[in-house]
Amino acid sequence: MLYPNLAGQFGSALTIGQKSAFPAAKPSDFKIGEAGVFYHPEAKTYVSHLAKDTQFSLQGTDLADQLATEFFVKDKDGSFWVSLYQRCVHLGCTVPFRNDCVSFKCPCHGSHYNVDGEWLDGPAPRSLDRFVISFSGEDVIVDTSVVHDKTPHPDASTRIIPVPSVPCSA
Ligand code: FES
């Protein structure tokens, strides 16, 4: 799906910084702007960067296939990157990342998403939408021209990251 950007133009590939500006972390250690999860307002994206020793819910080819389906990119150091559109897939509010419960929680009607954008609970009909992320040398590039909007609610056979152990207070 194509979306206009703030200037009324269709988005395009944006270089959002160098890899070193986005240090990877395990999901339980994510902290906005510091570890694992980073907001880039121009690209309207959260970049999640999962450390190579992340404990996933899936293994082997099941994991590899699901990561590819959900637009994750594996880096040469074994870490994984994904670019999430900031827009809540319920009714479009911008979703903040909450350090207190290491997840995204929409302030409008409570939709709740894991660090990798997977739906956790609330009225959202699917997981957060994604942009394609890629690299050119050390540059990190996000293609905002197409929003990939077909990541369904996870189930036991597709959930990539375990549900966070700390609940969101509100
Ligand atoms: S817009 Fe996010 S929960 Fe409704």
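Trainee: How many residues lie between β11 and β12 in their hairpin, and which turn residue has a positive phi?
Mentor: Two residues lie between the strands, and Gly137 in the turn has a positive phi of about 60 degrees. Before we go on, note that this is a predicted model: local features need pLDDT of at least 70, side-chain atom pairs count only at pLDDT 80 or more, and totals for chains, interfaces and linings use all residues. Residues are numbered from 1 along each chain as its sequence is written.

Trainee: How do you know that β11 and β12 pair?
Mentor: Count the bridges. Two strands pair if DSSP finds at least two bridges between them. Strand β11, residues 130-136, shares six bridges with β12 in the antiparallel sense, so the two count as paired. Arg130 faces His148 of β12.

Trainee: Which strand, residues 13-18, also pairs with β12?
Mentor: Strand β1 does, with five antiparallel bridges to β12, residues 139-148. Gly17 stands opposite Val140 in β12.

Trainee: How many helices and strands are in the chain?
Mentor: The chain has one helix and 12 strands. A helix is a DSSP run of H or I with at least four residues, a strand a run of E with at least two, both numbered from the N terminus. Helix α1 spans residues 60-69. Four strands come before the helix in the order β-β-β-β-α-β-β-β-β-β-β-β-β.

Trainee: Why is the chain called as compact as a globular protein of its length?
Mentor: Its radius of gyration is 15 Å, close to the 15 Å that the globule rule gives for 170 residues, so the label fits. That radius is taken over C-alpha atoms, and the rule is 2.2 Å times the number of residues to the power 0.38. Along the principal axes, the C-alpha atoms fill a box of roughly 40 × 35 × 30 Å.

Trainee: What makes Tyr85 count as buried?
Mentor: A residue is buried if 20 or more other C-beta atoms lie within 10 Å of its own, exposed if 12 or fewer, and partly exposed in between, with C-beta atoms placed from the backbone. Tyr85 has 23 C-beta neighbours inside 10 Å, so Tyr85 counts as buried. Across the chain, 36% of the 170 residues are buried.

Trainee: Which residues does Tyr85 touch, leaving out those up to four places away in sequence?
Mentor: Tyr85 touches Lys44, Thr45, Leu128, Asp129, Arg130, Phe131 and Val147. Contact means that the C-beta atoms, placed from the backbone, lie within 7 Å. Ala64 is 21 residues away along the chain, and its C-alpha atom is 22 Å from that of Tyr85.

Trainee: Why is β6 called mostly covered?
Mentor: Six of its six residues are buried. The strand spans residues 80-85 and holds Tyr85. Phe80, Val82 and Leu84 are buried on one side, and Trp81, Ser83 and Tyr85 on the other, leaving both faces covered. In a regular strand the side chains alternate between the two faces of the sheet.

Trainee: What makes helix α1 hardly covered?
Mentor: Zero of its 10 residues are buried. Phe71 follows α1 and has a positive phi near 70 degrees.

Trainee: How many bridges join β4 and β6?
Mentor: Six, in the antiparallel sense, with β4 covering residues 45-50. His49 stands opposite Trp81 in β6.

Trainee: How do you know that β5 and β6 pair?
Mentor: β5, residues 73-74, has two antiparallel bridges to β6, so the cut-off is met. Lys74 faces Phe80 in β6. Five residues separate the strands of this hairpin, and Gly78 takes a positive phi near 95 degrees.

Trainee: Which sense of pairing joins β6 and β11, parallel or antiparallel?
Mentor: Antiparallel, over two bridges. Leu84 stands opposite Arg130 in β11.

Trainee: What is the order of the open sheet of four strands?
Mentor: The order is β7-β8-β9-β10, with antiparallel pairing. β7 (97-98) and β10 (119-121) are the edges: each has a single partner strand, so one side of each lacks a neighbour in the sheet. β9, residues 112-113, meets β10 over two antiparallel bridges. Tyr113 has Trp119 of β10 as its bridge partner.

Trainee: What is the mean pLDDT of the chain?
Mentor: The mean is 93, and 94% of residues reach 70 or more. Residues 2-9 fall below 50, with 10 contacts in the model beyond near neighbours in sequence. pLDDT is the predictor's confidence in each residue, from 0 to 100. Where pLDDT is low, the predicted coordinates should not be read in detail.

How values were computed:
Two residues are in contact if their C-beta atoms, placed from the backbone, lie within 7 Å.
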